[in-house]
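Biologist: I am new to this structure and would like to learn how to read it. Could you take me through it step by step?

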Amino acid sequence: MKLQRKNRVRALAVGALAVTGALALSACGSDDTSAGGGAAAKPSNIKCDGKGKLLASGSSAQKNAMDVWVQNYAGACKGTEINYQPTGSGAGVTTFLQGQTAFAGSDSALKPDEVTKSKQVCKGGQAIDLPMVGGPIAVGYNVPGVDNLVLDAKTLSKIFNSEIKKWNDPAIKQLNPGAKLPDLKIQPFHRSDDSGTTDNFTKYLKAAGDWKHEPAKKWEGEGGQAASGSSGVSSQVKQNSGAISYFELSYATASKIQTAKLNTGAKEPVEATVDNASKAISEARQVGKGDDLALDLNYTTKAEGAYPITLVTYEIACDKGNKAETLPATKSFLTYISSKDGQSALKQLGYAPLPTEIADKVRATVAKIS
């Protein structure tokens, strides 16, 4: 398993550097670390502080970005090991609030009660949300013979609540005139773990569609099948004819899974791409107070070319009161991943780099962490 993970990390680094375009990610590649072997370039301006192992966990949506960031950081900072486990946003926040990790990754901002609880871990301070990774949540599907599927929020709401059960349903036909939709059972897959991706996806369904449940990290829809993590649901779509699910775009790209375009009310259906997600994320507004940079995303945008099912992954850390043994490395690593070098790797991996005005705020806030 360690060799497989190492191969995957190497492949992601290769994809980030060797292929032009926003969505150039390969799931397989060389493990050659010799000159010209395709290893990630080591950014020259990483400031290495701290020694030992830094533990973190959370969002699986940012795993592909984190793999490359960790590899680049380890190449420059030999004395520090960053151990990030993609356990899901809910588990990551819980572990952080128990004081077991230096920071957490979450695709949803902290709730007020979680901020209150964080004061027990962040002595003299509290946890803050630092936006770090943006991108589209792709709706991946496996329907033989259908290459350009168009869906909308209302139809997706009914599909994921088991109200539309066949791919040739009239509602899907209306959105796809001329397509040869098969008389095939729809197999919707959702996350089994508490997930920020689920939270953002259901916020979209609630805001723009006909979702009958409250948005949450825990899946509330009727029926369907469950799998753990973005890797789990994307694997199920790849393997099962008639399947559909939601996951961060790089998983679709890596596994060559087809993704649906969205009818948002704009003139043309909108594809899940980094640039289209960036257009939607640029409409986000800061709702966090002070150094908390939590954002409110616009899920109902009808702007041309704006893909509305987006997420922003936050790194959650203490603003003050970080443990003395982990503070230097935490600050050093967060400084790197929020830097221009760190952010520049994202687009090639299928993520959206932070808008300039947000990135500037993140860098200034990280510099103040103590």
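**Reading strands, helices and loops**

Modeller: Let's begin with one pair of residues: Ala-56 stands opposite Tyr-84 in β2. Please keep in mind that this is a predicted model.

Biologist: Happy to. How many bridges join strand β1 to β2?

Modeller: There are 6 bridges between β1 (residues 52-58) and β2, and the two strands run parallel.

Biologist: Which side chains of β2 point to one face and are buried, and which point to the other?

Modeller: The side chains alternate along the strand. Thr-80, Ile-82 and Tyr-84 face one way and are buried, whereas Glu-81, Asn-83 and Gln-85 face the other way and are not.

Biologist: Let me look at Gln-85, then. Why does Gln-85 count as partly exposed?

Modeller: The idea is to compare its accessibility with two cut-offs: buried means under 20%, and exposed means over 50%. Gln-85 has 41% relative accessibility, so it counts as partly exposed. Gln-85 belongs to strand β2, which covers residues 80-85.

Biologist: Which residues does Gln-85 touch, not counting residues up to four places away in sequence?

Modeller: Gln-85 touches Ala-56, Ser-57 and Gly-58. Take Ala-56: it is 29 residues from Gln-85 along the chain, yet their C-alpha atoms are separated by 6.4 Å. There is also a polar contact, at 2.7 Å, between the side chains of Gln-85 and Asn-83.

Biologist: Now another strand. How many residues of β8 are buried?

Modeller: Strand β8 (residues 243-248) has 6 of its 6 residues buried, and is described as mostly covered.

Biologist: In which sense do β4 and β8 pair?

Modeller: Strand β4 (residues 127-141) pairs with β8 in the antiparallel sense, over 5 bridges. To find a place where they meet, look for Ala-138, which stands opposite Phe-247 in β8. Strand β6 (residues 187-191) also pairs with β8, in the parallel sense and over 2 bridges. There, Gln-187 has Ala-243 of β8 as its bridge partner.

Biologist: Let's turn to helices. Why is α5 largely enclosed by the rest of the structure?

Modeller: Helix α5 (residues 153-160) has 6 of its 8 residues buried, so the rest of the structure largely encloses it. The buried residues are Ala-153, Thr-155, Leu-156, Ser-157, Ile-159 and Phe-160.

Biologist: What phi does Ser-162 take, just after α5?

Modeller: Ser-162 has a positive phi of about 60°, although it is not a glycine. Ser-162 is in the loop between α5 and α6 (170-175). With 23% relative accessibility, Ser-162 counts as partly exposed.

Biologist: And what is the phi of Lys-256?

Modeller: The phi of Lys-256 is near 55°, again a positive value in a residue other than glycine. You will find Lys-256 in the loop between α9 (249-255) and β9 (258-259). Lys-256 is exposed, and its relative accessible area is 73%.

Biologist: How should I read two helices that cross?

Modeller: Start with the general pattern of one helix. An α-helix has 3.6 residues a turn, so residues three or four places apart point the same way. Then look at the pair: the axes of α2 (residues 63-76) and α11 (residues 327-338) come within 11 Å and cross at roughly 115°. Their crossing is right-handed.

Biologist: Which residues of α2 and α11 meet?

Modeller: From α2 come Met-66, Trp-69, Val-70, Asn-72 and Tyr-73, and from α11 come Ala-329, Ser-332, Phe-333, Tyr-336 and Ile-337. By type, the residues of this contact are 8 nonpolar, 2 polar and no charged.

Biologist: One more loop, please. Is Cys-122 buried or exposed?

Modeller: Cys-122 is buried, at 0% relative accessibility. Cys-122 sits in the loop between α4 (112-118) and β4. Leaving aside neighbours within four places in sequence, Cys-122 is in contact with Phe-96, Ala-127, Cys-318, Lys-320 and Gly-321.

Biologist: Finally, how many helices and strands does the chain have?

Modeller: The chain comes to 13 helices and 13 strands. Of its 370 residues, 54% count as buried. Among contacts between residues at least 6 apart in sequence, 75% join residues at least 24 apart.

Terms used: Residues are numbered from 1 along each chain as its sequence is written. This is a predicted model: local features need pLDDT of at least 70, side-chain atom pairs count only at pLDDT 80 or more; totals for chains, interfaces and linings use all residues. Side-chain values use heavy atoms; hydrogens and water are left out. Axes are lines fitted to C-alpha atoms, for helices over the stretch in contact, and angles run from 0 to 180 degrees between N-to-C directions. Helices (H or I, at least four residues) and strands (E, at least two) are DSSP runs, numbered from the N terminus. A crossing is left-handed if the near helix is turned anticlockwise from the far one by less than a right angle, and right-handed if clockwise. Contact means heavy atoms within 4.5 Å. Ala, Val, Leu, Ile, Met, Phe, Trp, Tyr, Cys and Pro count as nonpolar, Asp, Glu, Lys and Arg as charged, and the others, Gly among them, as polar. Buried means under 20% relative accessible area, exposed over 50%, partly exposed in between (1.4 Å probe, protein chains only). Two strands pair if DSSP finds at least two bridges between them. A polar contact is a pair of N or O atoms within 3.5 Å; within protein, one must be able to donate a hydrogen and the other to accept it, and residues adjacent in sequence count only if both atoms are side-chain atoms.
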